[in-house]
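Good morning, colleagues. I should like to take a few minutes to discuss a structure and its ligand, and then to turn to the salt bridges.

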Amino acid sequence: MSIAENISRVRGRIETAAVKSGRTLKDITVVAVTKGAPLEAVRQAQEAGIGVFAENRLQEAAIKVPQIPAEWHMVGHLQTNKIKDALGFFKLIQSVDSVRLAKKIQEAAAALGQIVSVLLEINISGEEQKYGFAPEEIYSAADAVIALPNLRVLGLMGIAPNSPDMEVRRASFKKLKSIFNVCKTLKAENFEMKYLSMGMSGDFEAAIEEGSNMVRLGHVIFGEPKA
Ligand SMILES: *Cc1c(COP(=O)(O)O)cnc(C)c1O
């Protein structure tokens, strides 16, 4: 299977899931997660029409972002000492997972005179070692982030538990969608619930059916990583 063929199949699957939830292919933003993929593969994905890419590690972003002009997102845990680099690479930081990190991004953004778009990452898996705000923390976190003038919150991101049972994953997507809906009622100039980023290669159809409008796809596009 070529990367172009993978993308074409994925688009078909996204469309079917989107239609099931009363939407179309166009309503879903595909973010191609390039971790582990060689530069040539990323280029092929771009040629096949992918416009948004993501990395979870700064070191890989430093190599790929300058070579592939596109919209790039950060999807991995961001260390506070790497914020300045990240602001140079990424148009959207999907993985803001603590108020402390948000405040550090605010400081760096203010120093650079930049407005930084972010998503708040919610830990919907309930697994303690995972990053993200606990669901019950999100409203106080939202209040804290709304007070940071150089941040623009554009939505929420979540990763389903790595369960073989799709219903378990689906329940976590439902939970995130309901948090998203409540967040939509919060009114602030720098807080807009535009993107609900949920769904990866193994569960994107369920995520879309539950209301995702942004899926983060790695191996379904680029193939299984070589061990
Ligand atoms: C790696 C990664 C993905 C893509 O994972 P696949 O299962 O390969 O689709 C999506 N989101 C995040 C945060 C990731 O780290």
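Let me begin with the shell around the ligand, noting that the model is a predicted one. The residues of this shell divide into five nonpolar, four polar and two charged. By name, the residues around the ligand are Val33, Lys35, Asn56, Val75, Ile159, Met200, Ser201, Arg216, Leu217, Gly218 and His219.

Where does the ligand sit? It sits in the largest pocket.

I turn now to the polar contacts. Ser201 places a polar side-chain atom 2.5 Å from an oxygen atom of the ligand. For Arg216, a polar side-chain atom lies 2.9 Å from a nitrogen atom of the ligand. Gly218 contributes through its backbone, with an N or O atom 2.8 Å from an oxygen atom of the ligand. As for burial, the ligand has 390 Å² of accessible area on its own, and the protein covers 87% of that area.

Finally, the salt bridges. How many salt bridges does a search of the whole structure find? The search returns twelve. One of them joins Arg43 and Glu40, whose closest N and O atoms are 3.7 Å apart. Both residues belong to helix 2, which spans residues 39-47. Because Arg43 and Glu40 are three residues apart in that helix, about one helical turn separates them.

Note on methods. Residues numbered from 1 in each chain as written. Predicted model: local features only at pLDDT ≥ 70, side-chain atom pairs only at ≥ 80, totals over all residues. Heavy atoms only, no water. Near = heavy atom within 4 Å. Polar contact = N/O pair within 3.5 Å; in protein donor to acceptor, adjacent residues only side chain to side chain. Areas by Shrake-Rupley, 256 points an atom, 1.4 Å probe, with all protein chains shown as cover. 1 Å grid on protein atoms, 1.4 Å probe; cavity = no way out; pocket = protein on both sides within 12 Å on 5 of 7 lines; lining within 4 Å. Sits in = over half its atoms within 2 Å of the grid points. Nonpolar A, V, L, I, M, F, W, Y, C, P; charged D, E, K, R; others polar. Salt bridge = Lys/Arg side-chain N within 4 Å of Asp/Glu carboxyl O. Helix = DSSP H or I, 4+ residues; strand = E, 2+ residues; numbered from the N terminus.
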